[in-house]
Structures are given as C-alpha cells and as structure tokens.
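Visitor: Could you take me closely through a single part of this model, the place where the two chains meet? I would like one connected account, with the terms spelled out as they come up.

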Amino acid sequence: MDFAWTEESDAFRMTVRRFLDRELPVDWSDIARHGPGSHEQTEFSLSFCPKLAEAGLLVPHWPEEWGGRDRPTWEHFILGEEMWAAGEPRGGQYMNVNWIGPVIMRFGSDDQKQRYLPQMAEGRAIWCQGFSEPGAGSDLASLRTKAVRDGADYVINGQKIWTSYAGLAETCFLLARTGEGRSGIAVFLVPMDTAGIEVRAIPSLIGHGDIHEVFFTDVRVPETCRLGEEGEGWTIVSYALSNERVGIPRYEMSARELDAMVAELQGRGGFGNAVIRSRAAEAAAACEAARMLVYRVVDERARGVAPGTAANLARVAVVEADHKVTDFGMDFLPDCFSGSEHSRFLSHHERAIVTGIAAGAAEIQLNIVARRHLDLPKGL
Amino acid sequence: MRLAPNQDQTIFAGVLARLLEDDGIAGFHTVANWSRYEYGEALDDRLGEAGFFEAAREADLGPVAAAMMVHEIAKAPVVIECAASALVRPFLGVEVPRPLAVVVDDAPGAIRFLPQAKTLLSISDQGLRVAPVEGQCRAVESLFAYPMGCLDVSPDWTALDTDPVEVRTLWQIALASELAGVLSGGLAAVLAYVRDREQFGQALGSFQGVQHRLAQDAVWIESAQLLALRAASSRDPADAALALGAVQERATRIGYDLHQFTGAMGLTLEHPLHRWTYRARSLRSEMGGASQAFLDYADAKWGGR
C-alpha cells in the first residue's frame with residue numbers, strides 16, 4: 001500500500017500544469033465563470049483541445065489506433081484532476097475523452113469509429129448527452145422518447161431535459177425507446193442539425209447556457225445512427241458509467257478553492273479565529289475523504305478490478321466536499337460572492353451546488369450503498 | 001499510488017483475520033458484574049507471541065500494516081491495548097515493556113489501559129517520558145468501555161531523546177485507526193441487527209430512512225480508515241491531524257445512529273453495541289478532540305493568521 005505518487009506521475013502532472021500555464025489566456029477566469037457548459041467555454045474548448053491533442057494530452061489513455069498513447073489509468077485521472085481544478089478548459093469534450101469515445105470503440109460500427117473517433121482525438125467534437133427526460137431523471141429507465149422504425153430509418157419523437165452542451169453540440173448521444181422495459185432501449189448518435197430538433201436554453205443557478213431542453217419532433221435518422229443493437233442501450237449505458245465510474249474529480253477544485261479562500265482570509269488578517277481555522281480544516285477533511293474514496297476506485301480500475309460499489313461511496317463523499325467548501329466561503333467571505341473580483345469563488349459555487357444532483361443523485365448513491373455494499377434488504 | 005496491500009501486508013492481514021475469527025478469544029461474551037469491557041488476554045498473548053506488535057518496524061509491513069492491525073482489532077468486541085504498542089512503541093527509540101498507557105499534554109483524570117499497562121508514555125511539548133507503572137495504579141469505574149486507571153504514586157520518569165512531534169503524529173494515527181475500527185465494528189453489529197429485526201412487517205434495514213443514514217455512516221467510516229492509512233504511509237503531521245479530526249468529528253453522529261437503530265436492545269449489556277460505542281465516546285475526545293485536531297491541521301497546512 002503506497003499513497004505516494006511515483007516520479008513518473010509527478011512529472012506528468014507537472015507537464016499538464018505547464019501546459020495550462022502556457023495555454024490558458026489571461027481572461028480565462030472570465031471565460032470559465034459560467035462553467036464547462038457555457039457558450040463561452042464550449043467555444044473556447046474548440047481552440048484549446050486541438051492544442052491539448054497536439055501535445056499528446058487529450059486522449060493519452062486511448063489506444064494508439066485511435067490517437068492515444070496507451071498511457072496508464074492514473075495519468076488519465078491526473079489529467080482530469082488538473083483540468084477540473086483549472087475550470088475544465090476542455091468544456092464538454094471531457095465527456096468524449098472519458099466515456100463517449102471508449103463506448104464507440106467498444107460498440108460502434110467501423111463507420112461510426114472512423115467518423116467520430118478521429119474528430120474526438122483531435123479535440124474538434126462537441127457532443128451532448130441525451131439521457132434525462134421530464135419524467136425520467138433518477139429513474140432513467142422510465143424514459144419515453146421513442147424511436148420507431150420506418151424502413152431503413154428511425155423516426156424519433158420525445159423530449160430531453162437538463163442537457164448540457166446542447167447549444168453548440170454537433171452530435172447527441174441519445175437514449176430512446178424501441179420497445180418496453182430496460183431491454184427496449186437503444187442508443188442513437190444523432191447529428192444535432194437533423195431536421196426536427198429544437199434546443200432551448202434553461203436559465204439556471206448553475207451558469208449561463210449550461211442546461212437545455214431538447215425537443216425531437218419526427219426526427220428521421222438512418223439505421224446507421226444506431227449504436228449497437230436495438231435493446232442494447234442499457235448495457236451500453238452501464239458500460240459508459242463503468243468507464244466514468246467516479247465522474248468529475250470535483251474535490252480537486254474544491255481543495256484548491258479552499259486554499260484560495262484561506263489565502264483571502266489571511267490577506268485580510270482574518271484567519272486567526274479558532275472557529276474559522278477549525279471550519280476550514282473540517283472542509284479540507286471532507287475534500288481529502290472524497291479524494292481517498294475516489295482514489296480507491298481509480299486504483300481498482302488500474303488493477304483491473306471489476307466495478308463494485310466503491311464508486312457509489314465516493315460520489316456521496318464528493319458531494320459533501322463540494323458543499324463544505326462553498327459553505328465555508330459563504331460563511332466567512334460572503335462579500336466575495338457579489339461582484340466580479342472573486343469570480344472563481346462564484347464559479348466554484350455554481351459547480352458545487354449541482355454536485356449531488358447531476359449524474360446520479362446523492363440519494364440514489366446512498367440507496368445503492370445500502371443495498372449492494374451494506375447488503376440491507378429491499379423494502380416491500 | 002497503490003491502495004492495495006502488498007504481498008506481505010496481505011499475508012499479515014490474513015493471519016490476523018484468522019485469529020480474530022476465533023470467537024473464544026475475540027468474540028462477544030458477557031462478563032462478571034456486567035463490566036462494559038472484556039480485556040482480551042488470550043488475544044493479546046497470541047498477538048505478542050507471534051510478533052504482531054513489531055510489524056511497524058518491518059520494511060515490507062511498516063506503519064501501514066500496523067494501522068491496519070489497529071483498525072481490525074478495534075472491530076472486535078474484546079478490547080486489548082494495541083494502538084500504542086503497534087504504532088508508537090516501535091518508534092520510541094528504547095525498548096519498553098507493553099502494554100502501554102499514553103497521556104498527552106498531562107491531561108488530567110483516568111488513563112486508558114493503565115490497569116494493564118507496564119509502561120506509561122507521556123507526550124507533551126516538553127518532550128517524551130516513559131515510566132514503569134506495573135502494580136502502581138488503581139482501576140477506576142468508568143462509563144467508557146476500556147479499562148481505566150489512575151496512578152497512586154508519582155511515576156519514575158525517564159526522558160527520551162526521540163522527536164516528540166514524530167511520536168505525537170504516530171499517536172494521532174493510532175487513535176484515528178482505532179476509532180475508525182471501533183466505528184466499523186459497531187456498524188457491522190448494527191447492520192446484522194437491522195437485517196433481522198422486523199417491524200411493520202419488514203426488516204428495519206429495508207426502510208430508506210434507516211438505509212440512508214447507515215450508508216452515509218459507511219461512507220464516513222471507510223474514508224476515515226483510508227485517511228488513517230494514508231497518514232500511516234506518510235507519517236506527515238498534517239495527514240495525521242486531518243485523519244484524527246475527520247473521524248472524531250463524525251464519531252458522535254455515527255454513534256447516535258448506531259444506538260438509534262438498535263433501539264432499547266442496544267442499551268442493554270447483553271448486546272455488544274456498547275463495546276464499540278463506549279470506546280468511541282472515549283476516543284473522540286482524545287488529544288483535545290476533533291476541534292484540536294483540526295486546529296493542528298490548520299497550523300500545519302496553512303500556517304498563521
């Protein structure tokens with residue numbers, strides 16, 4: 001058991017940091033103010049990610065065949081930590097890197113691989129994820145968007161909601177129903193400029209232009225847009241989630257923002273109070289607890305251990321870490337949450353408040369921990 | 001970064017697990033006069049004979065294996081003096097007989113394990129001191145599920161040259177490991193109870209109100225163990241303070257849940273829950289409790305005002 005980074009890992013982290021120092025513009029904090037899903041940040045990713053790709057830092061963990069370098073799992077994760085802590089300059093392209101690309105490698109046709117993977121590896125592809133619906137959030141399998149066969153095509157009708165990146169996405173990774181139950185779900189890779197797709201931004205507390213409604217009205221796509229087989233959708237989603245496992249390494253940004261908050265207080269001579277010092281450490285404890293649980297998941301993956309429940313525990317801890325840090329800031333630096341002088345705290349807050357809701361509610365994670373990890377019985 | 005035990009640590013943990021599976025030496029038995037604790041003499045002897053308390057000094061086992069051992073032993077219903085012997089004694093720079101009792105910053109009152117202790121270790125800013133105490137103390141009754149005692153005479157102290165900061169750090173790691181283990185043992189007992197106990201026609205553990213709280217407790221306990229192991233690996237003062245503060249801060253809420261979900265049964269001395277919860281109540285206030293540990297972390301991490 002060794003909790004220290006190897007020299008190689010440290011060197012890789014420094015490479016990423018140097019790249020970020022060199023490539024992020026002076027007004028980056030303004031661009032990143034409204035989160036990875038904002039219009040500004042999504043557009044920025046289209047100039048940033050090709051540079052990242054050129055430096056070999058966009059898909060280092062992908063196989064060489066698809067533009068990667070077969071680098072270890074931990075490097076991919078270090079990359080994720082550094083990118084998220086910097087405000088995620090990859091925008092929504094982190095999804096391509098983490099799971100959409102690997103899913104297409106596993107389930108895609110040769111044509112789909114050739115069409116989508118090179119674009120992703122070059123940092124030129126914006127995707128959105130068409131999962132949640134007005135009636136299907138935590139209970140994703142109850143989705144109602146339908147894809148009905150019509151000759152060699154499918155005709156899709158339905159509505160998606162909370163869709164990040166939809167405003168600028170070229171392609172949607174869409175879940176739609178071709179039959180009943182979990183076995184009646186299929187995945188479609190749908191060009192967003194297809195006739196019948198309408199995108200509406202939803203004003204929200206988590207950044208301008210971050211989430212959308214997407215309406216599908218008689219959207220006709222060829223059969224070649226289907227990923228895998230009909231009825232294979234749930235298997236594909238499960239594989240995608242197992243690739244993602246712990247999601248965004250949010251605790252890394254929280255830990256750094258906490259340091260920045262402490263520095264701000266120290267600059268004002270306001271970090272001498274024992275209550276404030278203790279509360280800062282309490283928030284740090286939540287960040288490090290989350291880090292440890294996430295590292296356990298990454299370590300399992302690096303050793304080829306099949307996914308278990310460790311990721312569900314980690315996701316619960318990540319929520320607490322994000323909230324404790326933003327609560328610390330609001331309690332002791334309330335003035336920093338107005339105006340533009342401390343935009344990074346505002347930006348962190350907007351990312352933090354969504355943590356227990358996006359990509360699987362914290363309560364769903366607790367359900368899974370209770371049932372599968374603690375072996376507690378199912379209710380009547 | 002590798003969070004799985006190495007081969008030697010795996011073998012070590014496996015042998016320890018087999019010892020702890022022996023209900024005769026590590027299981028729950030009620031004791032005469034309904035004492036809140038049972039000192040595991042047989043377990044202590046077996047571990048001592050097999051050299052378990054020396055593991056921290058072995059290159060391929062180290063403090064990480066010792067912290068794992070403290071955690072696992074704390075999960076047992078019987079109690080033995082393990083934390084100081086496994087994680088502190090090997091680094092004192094002198095050979096002193098065990099069991100050890102530890103007093104920090106001359107804290108007043110009864111001391112854990114003093115009735116069994118052969119050596120008392122004092123950790124303070126002035127330095128480290130040890131004293132032989134066998135036969136010099138008086139056992140006192142206590143709410144806590146540990147043997148507690150007071151000294152009748154002034155101890156015959158010998159000062160040590162070892163760095164007190166290093167030993168204080170090791171003691172924080174030891175306490176963090178023990179408290180995480182104690183809470184883990186208590187959680188396992190409560191999980192067994194709520195899986196079986198039925199009310200309103202279904203198992204208590206099937207109610208979401210119960211499930212969510214126990215699941216959250218599990219998240220806190222498992223992260224606490226990892227933080228303690230990381231601190232054992234680094235022996236860094238900030239890591240140690242954070243590990244201790246994190247688990248002490250959660251111990252009150254977790255202890256409440258554990259008692260709440262076993263109801264009146266958990267308040268009896270026929271049920272083992274008190275063996276863990278009344279150890280946790282003692283450990284959560286060691287070295288000044290979570291607030292002091294967090295202040296120690298703030299000092300180490302961020303410095304002054």
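Guide: What follows is a walk along the interface, with a few salt bridges and one helix looked at in more detail.

This is a predicted model, in which local features need pLDDT of at least 70 and side-chain atom pairs count only at pLDDT 80 or more, while totals for chains, interfaces and linings use all residues. Residues are numbered from 1 along each chain as its sequence is written, chains are lettered from A and ligands numbered from 1 in the order in which they are written, and side-chain values use heavy atoms, with hydrogens and water left out.

On the side of chain B, 47 residues are in contact with 52 residues of chain A, contact meaning heavy atoms within 4.5 Å. The two chains bury about 4,400 Å² between them, 64% of it on carbon and sulfur atoms; buried area is the accessible area (1.4 Å probe) that two parts lose on being put together, summed over both. Of the area that chain B buries against chain A, B:Met1, B:Leu3 and B:Trp302 supply 20%, more than any other three residues.

Polar links also cross this interface: 21 residue pairs are in polar contact, both residues at pLDDT 80 or more. A polar contact is a pair of N or O atoms within 3.5 Å, where within protein one must be able to donate a hydrogen and the other to accept it, and residues adjacent in sequence count only if both atoms are side-chain atoms. As for the elements involved, α6 (164–196), β9 (202–203), α7 (208–234), α8 and α10 of chain B each supply at least two residues of the side that touches chain A, and the largest share, 16 residues, comes from α7(B). Helices (H or I, at least four residues) and strands (E, at least two) are DSSP runs, numbered from the N terminus. By type, the residues on this side of chain B divide into 23 nonpolar, 15 polar and nine charged, where Ala, Val, Leu, Ile, Met, Phe, Trp, Tyr, Cys and Pro count as nonpolar, Asp, Glu, Lys and Arg as charged, and the others, Gly among them, as polar.

The count of salt bridges between chain B and chain A is six, out of 53 over all chains of the structure; a salt bridge is a side-chain nitrogen of Lys or Arg within 4 Å of a carboxyl oxygen of Asp or Glu. One salt bridge joins the side chains of B:Glu222 and A:Arg296, at 2.9 Å from N to O. In another, the side chains of B:Glu249 and A:Lys324 meet at 3.6 Å, N to O. Because B:Glu249 lies in helix α8 of chain B and A:Lys324 in helix α10 of chain A, this pair joins two chains. B:Glu249 is partly exposed at 22% relative accessibility, whereas A:Lys324 counts as buried at 17%; buried means under 20% relative accessible area, exposed over 50%, and partly exposed in between (1.4 Å probe, protein chains only).

Helix α10 of chain A also holds A:Glu320, which is buried, with a relative accessible area of 18%. Leaving aside its neighbours within four places in sequence, A:Glu320 is in contact with A:Ala286 as well as with B:Gln216, B:Trp220 and B:Arg250. Within chain A, A:Asp331 forms a salt bridge with A:Arg279, the closest N and O atoms being 2.7 Å apart. That pair links distant parts of the chain, with A:Asp331 in helix α10 (residues 310–332) and A:Arg279 in helix α9 of chain A, 52 residues apart. A:Asp331 is partly exposed, with a relative accessible area of 44%, and A:Arg279 is partly exposed at 27%.

The last element to consider is helix α10 of chain B, whose 14 residues (289–302) should span 20 Å at 1.5 Å a residue, in agreement with end C-alpha atoms that are 20 Å apart; the expected span is 1.5 Å times one less than the number of residues. The buried residues of α10(B) are B:Gly289, B:Ala290, B:Ala293, B:Phe294, B:Tyr297, B:Ala298 and B:Trp302. What covers them includes α8 (250–267) and α9 (274–302) of chain A together with α8 (237–262) of chain B. After α10(B) comes B:Gly303, whose phi is positive, near 75 degrees.
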